[in-house]
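Okay, hi everyone, thanks for coming. Let me put the structure up on the screen, and then I'll talk you through it.

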Amino acid sequence: MTLSSMQTTLDQLPPACDDIQFNYCKTVACANFSRTDPQLYVLQKNNLQRPILICRECGAFPPVLSNHDVIAEKQRLAQQQNSGLAACSNSDCPHNGLPVLTYRQLYHAFGFSGERQRYRCKSCHHTFVDPWSNGNNKHQLQQKLLAYLFTGYTVREICRRLVINPKTFYDQLNHIAARCRHQLTIFDARLGKYAQTRHLATDLTPLQPHSDNGVLWIATAEADSGYVVSQHVNYQTQQPVTTYVNQHDAYHIGTRFIAPHSYYHSANTVVTSQGLLAHIDTTYRQILARKNMENPLSGEVTINYPTKGCLIRPQYTVYSHFLYLRELLNSNIPSLAVFMPQETLLRSACLSVFIDRVNNHTLHPLYVVEDAQWQHGQHAEKIDIVLMGWWRDRWSFSRNKGSNKGICHLGGNKKQQQHWLTVATHQAATIYQQRFYDQFSHMVNEPRRKLRPASLLPLLDIYRAWHNLCHQNKAGITPAQALGLISSPMTLEQLLQ
Ligand SMILES: [Zn+2]
Ligand SMILES: [Zn+2]
């Protein structure tokens with residue numbers, strides 16, 4: 001990580017990091033869009049805790065972000081994802097943590113250790129074994145454990161039936177999760193090699209909807225097959241090594257960590273807005289009322305801070321999530337579409353990370369809001385255009401048999417409204433998350449777990465692997481099959497071997 005300058009005053013933008021500068025005007029139609037010359041902006045200093053960039057051209061006021069902390073968060077996500085995979089473990093080596101599975105060219109095969117494959121790092125000559133290169137002698141126990149878990153047994157019941165103690169249960173769960181990450185890495189890498197046009201569906205939702213513990217979960221799926229490409233949460237089990245800053249300060253390293261503190265906000269009488277238009281309008285108002293528009297946790301929300309571990313300001317996790325997607329997906333993909341719910345954070349992160357594609361019109365970012373009754377794929381007959389929100393976003397609405405759907409092309413493209421109204425939906429991600437709540441409701445909602453999200457983290461890896469590789473749709477096809485990544489569904493047994 002290289003900081004171009006550590007010394008900043010409030011006359012300057014937060015320093016770029018690894019050539020990334022995310023602070024600029026994010027209004028696509030504005031002449032200053034994506035331009036990083038500080039002269040183009042006024043940095044508002046009325047409230048030093050909340051510096052705001054104001055675009056001299058269009059008056060938009062994008063929140064300021066620490067580029068350093070986005071990159072640091074991205075490294076955390078990569079570390080988590082690669083944990084347990086065979087990789088150079090020398091912390092002074094540039095190959096440290098880069099798994100053999102996806103970085104084969106960095107390593108030599110170097111004989112065997114027992115039945116396990118040994119590798120040598122080409123940079124530091126450190127050797128290590130691949131823990132996944134021989135059979136799994138615990139697979140029978142693990143298979144039973146998963147089968148019970150997926151049929152809704154509680155941890156206590158599973159322990160009783162398998163005659164194991166809770167510690168063994170969690171050890172095995174973590175082991176299974178690491179094995180699932182190993183399997184997923186292989187298939188994700190296959191997906192990443194294809195250079196074909198992709199539709200992605202993204203959603204952001206609380207990990208435990210009834211706990212208000214501040215842990216948000218972002219998932220992105222390939223929209224047509226339902227294959228979940230990536231998911232992340234803004235929570236880590238370890239305490240940060242830096243000291244907390246009370247307010248977000250983009251000039252302070254480590255500002256992504258939220259200090260342990262609970263916030264209570266008396267529940268508003270939920271306004272049941274009439275119709276889709278009113279609903280979209282209300283959402284824009286709620287976003288504008290946040291202290292930081294790109295931080296859903298800075299709005300009128302209650303946070304019961306987890307008892308262990310640390311929350312991360314969600315904008316850092318979400319920007320990193322999109323950076324991860326950009327790295328995974330083949331850069332030769334001719335055209336990408338990202339379908340998302342109406343959320344400024346998703347919009348800003350997607351546009352900022354894929355700025356080159358936005359500028360050359362090979363990325364279609366779209367807000368999609370639809371009634372539950374809307375039948376996907378139906379032809380949009382009459383289209384109404386409405387400009388909405390502070391940003392005067394251009395929405396297209398269609399109505400059919402009493403149900404409504406609205407889309408908004410965030411890249412400013414006015415063409416193909418009919419096409420997008422027909423194909424755009426973020427249901428692939430939304431349904432995936434909903435099914436997780438249903439499948440594991442006993443763990444997600446268990447009162448003792450409400451402030452202990454850590455025990456759900458291994459479950460997320462296991463669930464994604466099961467969903468992509470084992471779970472069949474009505475036609476007997478898994479998402480991985482639908483994408484051509486594998487020819488048949490995997491059984492739990494195959495997943496664990
Ligand atoms: Zn502007
Ligand atoms: Zn090395």
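I'll go through the domains, then a metal site, then a strand, and finish with a helix.

Before anything else, keep in mind that this is a predicted model.

So, the overall layout. The protein chain is split into two pieces: domain 1 covers 86-131, and domain 2 covers 198-433. If you take the centres over the C-alpha atoms, domain 1 and domain 2 sit 38 Å apart.

Now zoom in on the zinc ion, ligand 2. Which residues hold the zinc ion (ligand 2)? They are C88, C93, C121 and C124, each through its SG atom, at 2.3 to 2.4 Å. Along the sequence, these donor residues follow the spacing C-x4-C-x27-C-x2-C. What about the geometry? The angles among the 4 donor atoms run from 101 to 118°, and the site is tetrahedral. For reference, the ideal angle for four tetrahedral donors is 109.5 degrees. And if you look at C88 and C93, both are buried.

Okay, next stop: strand β6, residues 198-206. Is β6 buried or exposed? Well, 8 of its 9 residues are buried, so the strand is largely enclosed by the rest of the structure. Let's see who its partners are. One is β12, residues 336-340, which runs parallel to β6 and is joined to it by 4 bridges. You can spot L200 of β6 opposite V338 in β12. Another partner is β7, residues 216-222, and here the pairing is antiparallel, over 7 bridges. In that pair, look for T205, which stands opposite W217 in β7.

Last one: helix α3, residues 155-162. Which of its residues are buried? Those would be V155, I158, C159 and L162. Now turn the model until you're looking down the axis of α3: the buried residues fall within an arc of 100°, so they line one face of the helix. On the other side of α3 you'll find R156 and R160, and those are exposed. What do the buried residues of α3 pack against? The answer is α2 (139-150), α4 (166-193) and α11 (441-444). And one little detail to look up afterwards: just after α3 comes V163, which takes a positive phi of about 50°.

To recap: a tetrahedral zinc site, a largely enclosed strand β6, and a helix α3 with its buried residues along one face. That's it from me, thanks for listening!

Methods. Residues numbered from 1 in each chain as written. Chains lettered and ligands numbered in written order. Predicted model: local features only at pLDDT ≥ 70, side-chain atom pairs only at ≥ 80, totals over all residues. Heavy atoms only, no water. Domains from an automatic or database assignment. Buried < 20%, exposed > 50% of the residue type's maximum accessible area, 1.4 Å probe, protein only. Helix = DSSP H or I, 4+ residues; strand = E, 2+ residues; numbered from the N terminus. Pairing = 2+ DSSP bridges. Donors = N, O, S within 2.8 Å, 3.2 Å for Na, K, Ca; no water. Tetrahedral: all angles 85-135°; square planar, octahedral: opposite > 155°, others 65-115°. Arc of directions from axis to C-beta. Contact = heavy atoms within 4.5 Å.
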